[in-house]
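The following exercises are to be worked through with the sequence and the model at hand. Each task is followed by a solution in steps.

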Amino acid sequence: MANLRELRDRIRSVNSTKKITKAQELIATSRITKAQARVNAAQPYALEMNRVMNRLASASSLDHPMLHARENTRVAAILVVSSDRGMAGGYNNNVFKKAAELESLLRKRGLEVVRYVTGQKGVGYYKFREAPIEGSWTGFSQDPTWEATHDVRRHIIDGFAAGSQGTVGNREGIDGNGPVRGFDEVHVVYTEFVNMLTQNARVQQLLPVEPVMEENEVHLPESAASSTADPVAPDYDFEPDPDTLMDALLPKYVSRILFAMFLEASAAESAARRAAMKSATDNANELVKDLSRVANQARQAQITQEITEIVGGAGALSDSAESD
């Protein structure tokens, strides 16, 4: 009886857990749809920005600090995009592994690495390992907005503009210990959303932007949110001159690319959480079936034993009556 009670308690416990995982699966599914809708809503602006910047790149001298690697590169910044919540399978672990590989490669180049993190899980991961964090931002991994991500985007662009010899003015470090130093390169580690079943941790160099030469024309690389090709590029008359416009628009272009990464990581996080919770729900169903089978066998054995005892007792009473 004690064993049967334990089995029933375990079945109730697993069923309670299954309700939680099923609810999380449904919530993640609804958030994937919203995240994909937000990515699609950002497409028109992203495409038009790409068109303008590519025409500017072809018309300007490309003499801009954001477009050239620095001669004495000393400091590289890594922005690690993680989630604020767990229960997403290997989503965060894959990002941390990719970030560790990137740090190793940068240090082999003789560069000093400074780490920036978005997402509570990333902050907790590095703090637990007593790894230094130059700056962190949390609270928007599941629902990134232009306003919520403004500070991180502005910080990254200002830090690169300052360079390793300067500091990011009017910005405090993670512990409020004065201005944060600048850097010469920026790399972003985030999760690329491929489809509902596949999400890949990816490294992308954000700054300096590396122009691409195609058929004697210069193009700036497209972000994940603007991968659709522009078949017919319209002609533009620039006022003021292309170099002045490039200087004004390039920071906005880089900011938009970084925001697109946050949107894609949000969709990937929801997809990873949905897959993890579906797997947990399926495992809970299988476990309940197995425990129910064992409980039924134990109950049948108990009933058989009770019947055997009753029959044995009745037989003993019958024998006793005959002897009398």
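Two strands are taken as paired if DSSP finds at least two bridges between them. The model examined here is predicted.

**Exercise 1. Determine the strand order of the open sheet, and identify the strands that stand at its edges.**

Solution.
Step 1. The five strands of the open sheet follow the order β3-β2-β1-β6-β7, and their pairing is mixed.
Step 2. The edges are formed by β3 (135-137) and β7 (199-207); each has a single partner strand, so one side of each lacks a neighbour in the sheet.
Step 3. From one strand to the next, the twist averages 20 degrees.

**Exercise 2. State how β6 is joined to β1 and to β7, and give bridge partners.**

Solution.
Step 1. Strands of a sheet pair through backbone hydrogen bonds, in either a parallel or an antiparallel manner.
Step 2. β1 and β6 run parallel and are joined by five bridges. Within β6, H187 is the bridge partner of I78.
Step 3. β6 (residues 185-193) and β7 run antiparallel, with eight bridges between them. In β7, V203 is the bridge partner of V189, and R202 is that of Y190.
Step 4. The connection from β6 to β7 is a hairpin of five residues.

**Exercise 3. Decide whether V186 is buried or exposed, and list the residues that V186 touches.**

Solution.
Step 1. V186 belongs to strand β6.
Step 2. A residue counts as buried under 20% relative accessible area. The value for V186 is 1%, so V186 is buried.
Step 3. Leaving aside residues up to four places away in sequence, V186 touches A77, I156, F160, Q204, Q205, L206 and L207.
Step 4. V186 and P208 are 22 residues apart in sequence, and their C-alpha atoms are 7.2 Å apart in space.
Step 5. Regarding the strand as a whole, eight of the nine residues of β6 are buried, so β6 is largely enclosed by the rest of the structure.

**Exercise 4. Describe helix α5 and its buried residues, and then the placement of helix α3.**

Solution.
Step 1. Helix α5 (residues 150-162) comprises 13 residues and reaches 18 Å from its first C-alpha to its last, close to the expected 18 Å.
Step 2. V152, R153, H155, I156, I157, G159 and F160 are the buried residues of α5. I156 and F160 are among the residues touched by V186.
Step 3. Just after α5, G163 adopts a positive phi of about 75 degrees.
Step 4. Helix α3 (residues 91-108) lies across β1 (75-81), β2 (112-118), β6 and β7, and runs at about 175 degrees to β1.

Methods: Residues are numbered from 1 along each chain as its sequence is written. This is a predicted model: local features need pLDDT of at least 70, side-chain atom pairs count only at pLDDT 80 or more; totals for chains, interfaces and linings use all residues. Side-chain values use heavy atoms; hydrogens and water are left out. Helices (H or I, at least four residues) and strands (E, at least two) are DSSP runs, numbered from the N terminus. Axes are lines fitted to C-alpha atoms, for helices over the stretch in contact, and angles run from 0 to 180 degrees between N-to-C directions. Contact means heavy atoms within 4.5 Å. The expected span of a helix is 1.5 Å times one less than its number of residues. Buried means under 20% relative accessible area, exposed over 50%, partly exposed in between (1.4 Å probe, protein chains only).
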